[in-house]
Amino acid sequence: MASNLRSSCFSVSHIWNYRNLPAKSVEEALRHRQEYDEMVAEAKKREIKEAHKRKRIMKERFKQEENIASAMVIWINEILPNWEVMRSTRRVRELWWQGLPPSVRGKVWSLAVGNELNITPELYEIFLSRAKERWKSFSESNSENDTEGVSVADREASLELIKLDISRTFPSLYIFQKGGPYHDVLHSILGAYTCYRPDVGYVQGMSFIAAVLILNLEEADAFIAFANLLNKPCQLAFFRVDHSMMLKYFATFEVFFEENLSKLFLHFKSYSLTPDIYLIDWIFTLYSKSLPLDLACRVWDVFCRDGEEFLFRTGLGILRLYEDILLQMDFIHIAQFLTKLPEDITSEKLFSCIAAIQMQNSTKKWTQVFASVMKDIKEGDKNSSPALKS
């Protein structure tokens, strides 16, 4: 009661004081009115600007949808029925660069990756059955024995590590985690692969690649593409952690890094910042962990067209896109930035930067430079490649 009375007295006192304030001068009143009108006008400007922006975005979206629809018709009716004849034509390559329509993406990826391993859906089922048997026996032995004695290869092939990685695969989508619609499919493909390729086993990062394939292909087709993709020289070198081969890829990358972005190249060199710090994660997951999913899929589109070279070209495109920012950073901040790229990265900006990267050193292309690096390393000539200079 006393509290309410004090509050009431306080309010009355303030009102009384306010009423006894001197009236504003005409000039002050006009100035305040002008300031108010300016604020309203500024707010209206912002509103009109936002409306124009929304209209532009909607217009671009409609245009993009129209382009996808028309491209889909061309892919379905003209390109896919005549794949071998048309895949390397200039028209198809240009259309491919713009991004594949989602409805044909999986089919084009499968055709582009190929099936050199001659894996059939039946073979997938056989290895999946073996994986299930292994998981069952592992689960039984795990309940009785401590797992510290098992080898690294056994642990990497185990259900536990695969389970752990699946839980961290595109967590924001909630479709690969336990209870999600694609959890079991991802689990099956990864498990079957460890039985199919025990020499490689399960390696962290594989779950992202398998997940992207699952989103675009049926289960057996996803496994076939997955196994063949990981059998490519670059992927095999990284997933087997073949240090010698990885060094050659890094050395080749740095040749084109110096050629295209010499200022940033020297900046990285001044901090002894080597490609493995940022490239390993990008290559292991084919950018599916580092870039927004729709953008990563577009990178995959052209990777399927151009092969391993495009993975490293994409890396240089990212460095070009953020060159000005990276030049202002030290070792720690560069490493942190490249480990977690900005989420607002757009397809148009990145691909514009990728297009500006020239994959030619003097007169040599990627494959020729890579072959030269291989030869130089074999001969012990470490002065011919910037990545191998001490």
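Okay, let's start with a question: is Lys269 buried, partly exposed or exposed? Lys269 turns out to be partly exposed, with a relative accessible area of 33%. Keep in mind that we're looking at a predicted model here.

So what does Lys269 pair up with? Its side chain meets that of Glu254 in a salt bridge, at 3.9 Å from N to O. Here's the fun bit: Glu254 sits in helix 13 (residues 243–260) and Lys269 in helix 14 (residues 262–270), so this pair ties together parts that are 15 residues apart in sequence. And Glu254, unlike its partner, is buried: its relative accessible area is 4%, while Lys269 has 33%.

As background, side chains of opposite charge can pair when their charged atoms come close.

Okay, now hop over to helix 2, which covers residues 26–79. There, Asp37 makes a salt bridge with Arg33, and their closest N and O atoms are 3.6 Å apart. Why about one helical turn between Asp37 and Arg33? Because the two are four residues apart in that helix. Asp37 is partly exposed, by the way, at 37% relative accessible area.

Next up, Glu343 and Lys340. These two form a salt bridge as well, with 3.9 Å between the closest N and O atoms. Both ends are out in the open: Glu343 counts as exposed at 69% relative accessibility, and Lys340 counts as exposed at 60%.

Then there's a little group to find on your screen: Arg93, Arg305 and Asp306 are joined into one network by salt bridges that share partners.

And how many salt bridges are there by this rule? The count comes to 12.

Methods:
Residues numbered from 1 in each chain as written. Predicted model: local features only at pLDDT ≥ 70, side-chain atom pairs only at ≥ 80, totals over all residues. Heavy atoms only, no water. Salt bridge = Lys/Arg side-chain N within 4 Å of Asp/Glu carboxyl O. Buried < 20%, exposed > 50% of the residue type's maximum accessible area, 1.4 Å probe, protein only.
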